[in-house]
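Thanks for making time this morning. I would like to walk through one model with you, starting from a single loop residue and working outwards to the helices around it.

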Amino acid sequence: MVFESHFRGAATQKSSGASTNPTSNGGNRTVVQHRQSSDSSKKTNSKGKKSKKRTRPPKKKDNSPKRRKRSPPSEEALALSSQLKALSSQKRFQDALDLYWDEANSQIRDGHHACIVVDCCSRSGAVQEG
């Protein structure tokens, strides 16, 4: 191979920090010293300005939503859940809706109770498109 001698020469002189490059004038070789960088000196870019030392990228922040601590459900909320579950298992859709939208339960109902009503809708076959 043409470059085989170049690679051998570079491998043998690797420990000293120099490598050989073939020249076009009769195969004479010149020794080229590689510039070794130290951590204390800053390198300059092509415009002559000092470049900043590379640092580790910052750690990714945890973007998961913060969970708020909830108090345990009240006795009224538990009672409403059990009543809605009973109506759902009996496939009494209209009674479950009436209980869910009752004014007495307006301060109690939440997403959990809505899920029970949706379950009742699916059990009773009262699914509507729209």
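This is a predicted model, and I will begin with asparagine 105, which, once its neighbours within four places in sequence are left aside, is in contact with Leu80, Leu99 and Tyr100. Asparagine 105 is found in the loop between α3 and α4. Is this loop residue buried or exposed? With a relative accessible area of 10%, asparagine 105 is buried, because the cut-off for that class is under 20%.

The partners of asparagine 105 lead us to the packing of α2 and α3, since Leu80 of α2 and both Leu99 and Tyr100 of α3 are also among the residues that make the contact between those two helices. The axes of α2 and α3 come within 9 Å and cross at roughly 165 degrees. Because angles over 145 degrees count as roughly antiparallel, α2 and α3 are roughly antiparallel to each other. Their crossing is left-handed. On the α2 side the contact is made by Leu80, Gln83, Leu84 and Leu87, and on the α3 side by Asp95, Ala96, Leu99 and Tyr100. By class, the residues of this contact divide into 6 nonpolar, 1 polar and 1 charged.

Now to the other packing of α3, where helix α3, residues 93-100, lies against helix α4, residues 111-124, at an angle of about 165 degrees, with the axes 9 Å apart. That angle makes α3 roughly antiparallel to α4. The crossing of α3 and α4 is left-handed. Which residues of α3 meet α4? They are Phe93, Ala96, Leu97 and Tyr100, and they meet His113, Ala114, Val117, Cys120, Cys121 and Ser124 in α4. Sorted by class, the contact of α3 with α4 has 8 nonpolar and 2 polar residues, and no charged ones. I would also point out that Ala96 and Tyr100 are listed both in the contact with α2 and in the contact with α4.

Let me turn to the charged side chains. How many salt bridges does the count come to? The count comes to 2 salt bridges. In one of them, aspartate 95 pairs with arginine 92, and the closest N and O atoms are 2.8 Å apart. Aspartate 95, which also takes part in the contact of α2 with α3, counts as partly exposed, at 33% relative accessibility. Its partner, arginine 92, is partly exposed as well, with a relative accessible area of 38%.

The other salt bridge joins arginine 123 to aspartate 119, with the closest N and O atoms 3.0 Å apart. Because arginine 123 and aspartate 119 are 4 residues apart in helix α4, they are separated by about one helical turn. Arginine 123 counts as partly exposed, at 43% relative accessibility, and aspartate 119 is likewise partly exposed, with a relative accessible area of 31%.

One last residue deserves a careful look in the backbone. Lysine 91 lies in the loop between α2, residues 75-89, and α3. Its phi is near 60 degrees, which is a positive value in a residue other than glycine. At 54% relative accessibility, lysine 91 counts as exposed, whereas asparagine 105, in the loop between α3 and α4, is buried.

Conventions: Residues are numbered from 1 along each chain as its sequence is written. This is a predicted model: local features need pLDDT of at least 70, side-chain atom pairs count only at pLDDT 80 or more; totals for chains, interfaces and linings use all residues. Side-chain values use heavy atoms; hydrogens and water are left out. Axes are lines fitted to C-alpha atoms, for helices over the stretch in contact, and angles run from 0 to 180 degrees between N-to-C directions. Angles under 35 degrees count as roughly parallel, over 145 as roughly antiparallel, 65 to 115 as roughly perpendicular and the rest as oblique. A crossing is left-handed if the near helix is turned anticlockwise from the far one by less than a right angle, and right-handed if clockwise. Contact means heavy atoms within 4.5 Å. Ala, Val, Leu, Ile, Met, Phe, Trp, Tyr, Cys and Pro count as nonpolar, Asp, Glu, Lys and Arg as charged, and the others, Gly among them, as polar. A salt bridge is a side-chain nitrogen of Lys or Arg within 4 Å of a carboxyl oxygen of Asp or Glu. Buried means under 20% relative accessible area, exposed over 50%, partly exposed in between (1.4 Å probe, protein chains only).
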